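Colleague: Could you take me through a close look at one aromatic residue and what surrounds it? I'd like to see how it fits into the rest of the model.

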Amino acid sequence: MKKRLVCVLLPALAIVLELLPWSAVLLFAPSASERVRRTCSYFSLTPFGYGNFGPLITAVLSCALLAAALWAMIRRRSSKVLFPLSILALIASLLPLLLGVQFYGAIGALISALLALEVWATRAGSKESN
């Protein structure tokens, strides 16, 4: 029961961080020498519109991960979908790094860390059920 609760709490905490208006980073260049940094929520369509696809995909996958973890906890069984879904969410959370380190903030790193812990927790849970 404790491991199922951890598998629910980690994506829930990640979603809380994704809701913050400082989680996704955008950089604008009004001139050749000036860079303006703006932040918004992972659930905002603004980064997606500017080509930063990782935050919105991460937010959607985190919600799906939370729903699957809640379903597994209610059914009191292990779910085979949690581990691959958590890996996909972790990879999506790292996608802004492909644009550069300046597109990745501290809150994004915390979200990735929580999703990495979720990968570890679901992997540990899937090993025990085998």
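What is the relative accessible area of Phe28?

Modeller: Happy to! Phe28 has a relative accessible area of 25%, so it counts as partly exposed (buried is under 20%, exposed over 50%, partly exposed in between, with a 1.4 Å probe and protein chains only). Please keep in mind that this is a predicted model, in which local features need pLDDT of at least 70 and side-chain atom pairs pLDDT 80 or more, while totals for chains, interfaces and linings use all residues. Numbering runs from 1 along each chain as its sequence is written, and side-chain values use heavy atoms, without hydrogens and water.

Now to the ring of Phe28. Across the whole structure, a search finds 2 aromatic pairs (ring centres of Phe, Tyr or Trp, the last by its six-membered ring, within 6.5 Å; planes under 30 degrees apart are stacked, over 60 edge-to-face, the rest tilted). Phe28 and Tyr50 form an edge-to-face pair, because their planes meet at 80°, with the ring centres 5.0 Å apart. This pair links distant parts of the chain: Phe28 belongs to strand 1 (residues 24-28), whereas Tyr50 lies 22 residues away, in the loop between helix 2 and helix 3 (54-75). Helices (H or I, at least four residues) and strands (E, at least two) are DSSP runs numbered from the N terminus. Tyr50 is exposed, at 58% relative accessibility.

Phe48 and Phe53 pair edge-to-face too, with centres 4.9 Å apart and planes at 75°. Phe48 is partly exposed at 36%, and Phe53 is also partly exposed at 42%.

Phe48 and Phe53 lead us on to the surface, where they join Leu45 and Ile57 in a nonpolar patch of about 370 Å². Patch members have over 30% relative accessible area and no salt bridge; like charges are joined within 9 Å and nonpolar side chains (Val, Leu, Ile, Met, Phe, Trp, Tyr) within 5 Å. A salt bridge puts a Lys or Arg side-chain nitrogen within 4 Å of an Asp or Glu carboxyl oxygen, and areas are Shrake-Rupley values with a 1.4 Å probe, only the protein chains shown counting as cover for residues. Leu45 sits in the loop between strand 2 (36-40) and helix 2 (46-49) and is exposed, with a relative accessible area of 59%.

For the wider setting, the protein has 5 helices and 2 strands, in the order α-β-β-α-α-α-α along the sequence. Its C-alpha trace spans about 55 × 20 × 20 Å along the principal axes, and 41% of the 130 residues count as buried.
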